[in-house]
Amino acid sequence: MHNAADLWLLMLACAAATYMWRGLGVLLSGRLNPQSAMFEWISCVAYALVAGLIARIIVAPSGLLSQTALTDRLLACAIAFVAYRVARRNMFVGMVCGLAFFMGAVYVRSAIL
Amino acid sequence: MAEAASPEHVLAFRTGISEALGVPAAVLGAGFIGYGSLAADAGYSVWLTLSATVAIWALPGQLVLLEMQAGEAAVAATVLAVSLSAARFLPMTLTLMPMLRAGSRSRRLWQFLLAAQVVSMTTWAVTMRRFNDMDAGVRWHYFLGFSMVCLGASVVFALIGQLLIGALPPLARFGLALLTPLYFFVTLVGEAQTRSAITALVCGAATALILHAIAPAWSLLGAGFIGGTAAWVLQRQHAQRR
């Protein structure tokens with residue numbers, strides 16, 4: 001699929017494309033208003049892209065996760081979120097509950113089948 | 001070089017280190033341990049995982065890269081999607097740099113350009129809050145201490161994740177692979193307080209899933225452009241009606 005040199009070049013191109021925003025921020029600071037409509041749009045685009053990424057990884061993953069059941073992944077998300085809220089926004093509790101359920105569900109499925 | 005390190009600067013540097021060695025390092029660690037295992041699963045070498053963490057230093061972008069590479073997306077589309085996922089750095093550095101500069105007039109431009117590389121969502125959120133009640137002259141040192149720990153912890157945890165995935169039993173490997181997506185899911189849904197954030201979340205997720213069925217290689221870019229613009233338009237219409 002890819003050789004190692006291609007992977008490195010792609011990674012470095014992505015690093016440069018990420019740094020562009022950081023560098024622009026330094027050069028333009030004091031000259032642009034971060035509350036303008038353009039920044040609202042930029043923030044919406046970035047936010048929607050990351051939301052799309054997570055939705056895609058959970059619903060249609062590649063790699064290891066593609067061997068697990070969709071129901072288990074969705075329930076793990078729901079359980080992690082509820083536990084996080086019940087524990088007053090404690091990320092650790094949310095993660096532990098979600099992952100414990102997920103591994104339990106994967107184990108039960110493999111034991112039955 | 002800039003002024004010699006005085007006791008106040010050393011103290012601010014240490015304060016930055018100790019304040020990062022807690023919840024910030026642990027939260028980043030959880031995200032990056034999962035990233036390391038996903039990267040190993042995608043065929044990354046240890047060096048590539050570590051270099052990507054230091055060079056890109058934005059977990060969403062690093063995940064976009066892995067995900068689009070697995071889907072064999074075009075190089076230009078991948079770079080564009082990673083870049084868009086990092087667009088939030090522009091408003092972040094725009095607001096952070098004047099606060100850093102205020103007390104460091106003797107510093108050169110290249111030092112600020114270098115400082116911009118170590119900014120992350122976590123460092124930005126914490127330092128913006130802490131800078132308000134801090135002497136402007138010591139902000140730079142606090143920022144350096146805090147950022148170094150965040151970056152260092154993330155590199156170490158990415159390494160642990162990368163090495164663990166091969167050593168763990170299959171069941172734990174599945175758990176590790178879900179760690180980072182789960183972490184982002186809870187963060188995104190849990191912190192979506194504003195109306196525009198919730199709209200962008202729903203629009204982005206829906207667009208990505210619909211496009212995934214039609215043109216998978218373009219689903220993330222589409223989610224950003226179409227979903228993000230839709231959310232922005234809906235938000236503006238709502239704001240005008242009031």
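**Close-up views of chains A and B**

In chain A, 24% of the contacts with a separation of 6 or more join residues 24 or more positions apart; two residues are in contact if their C-beta atoms, placed from the backbone, lie within 7 Å. This is a predicted model, in which local features need pLDDT of at least 70, side-chain atom pairs count only at pLDDT 80 or more, and totals for chains, interfaces and linings use all residues. Residues are numbered from 1 along each chain as its sequence is written, while chains are lettered from A and ligands numbered from 1 in the order in which they are written.

**View 1. Chain A is built from four helices and zero strands.** Helices (H or I, at least four residues) and strands (E, at least two) are DSSP runs, numbered from the N terminus. Follow chain A from that end and you meet the order α-α-α-α. The radius of gyration of chain A, taken over C-alpha atoms, is 20 Å, well over the 13 Å that the globule rule (2.2 Å times the number of residues to the power 0.38) gives for 113 residues, so chain A is more spread out than a compact globule. Its C-alpha trace spans about 60 × 45 × 20 Å along the principal axes. Of the 113 residues in chain A, 39% are buried, that is, 20 or more other C-beta atoms lie within 10 Å of their own, with C-beta atoms placed from the backbone.

**View 2. Chain A is divided into domain 1 (1-31), domain 2 (33-63) and domain 3 (68-113).** Domain bounds come from an automatic or database domain assignment. Between the C-alpha centres of domain 1 of chain A and domain 2 of chain A there are 18 Å.

**View 3. Domain 1 (7-181) of chain B touches domain 2 (188-242) of chain B.** Their C-alpha centres lie 25 Å apart. Ten residues from domain 1 of chain B and six residues from domain 2 of chain B take part in the contact. On the domain 1 side, helix 4 (59-70) and helix 5 (75-85) of chain B are the elements that give two or more residues. Helix 5 of chain B gives the most, with four residues. The domain 1 side has eight nonpolar residues (Ala, Val, Leu, Ile, Met, Phe, Trp, Tyr, Cys and Pro count here), one charged (Asp, Glu, Lys and Arg) and one polar (the others, Gly among them).

**View 4. Helix 2 of chain B covers residues 23-41.** With 19 residues, helix 2 of chain B reaches 27 Å from its first C-alpha to its last, close to the 27 Å expected at 1.5 Å a residue (1.5 Å times one less than the number of residues). Just after this helix, look for B:Gly43, which takes a positive phi of about 95°.

Technical notes:
A residue is buried if 20 or more other C-beta atoms lie within 10 Å of its own, exposed if 12 or fewer, and partly exposed in between; C-beta atoms are placed from the backbone.
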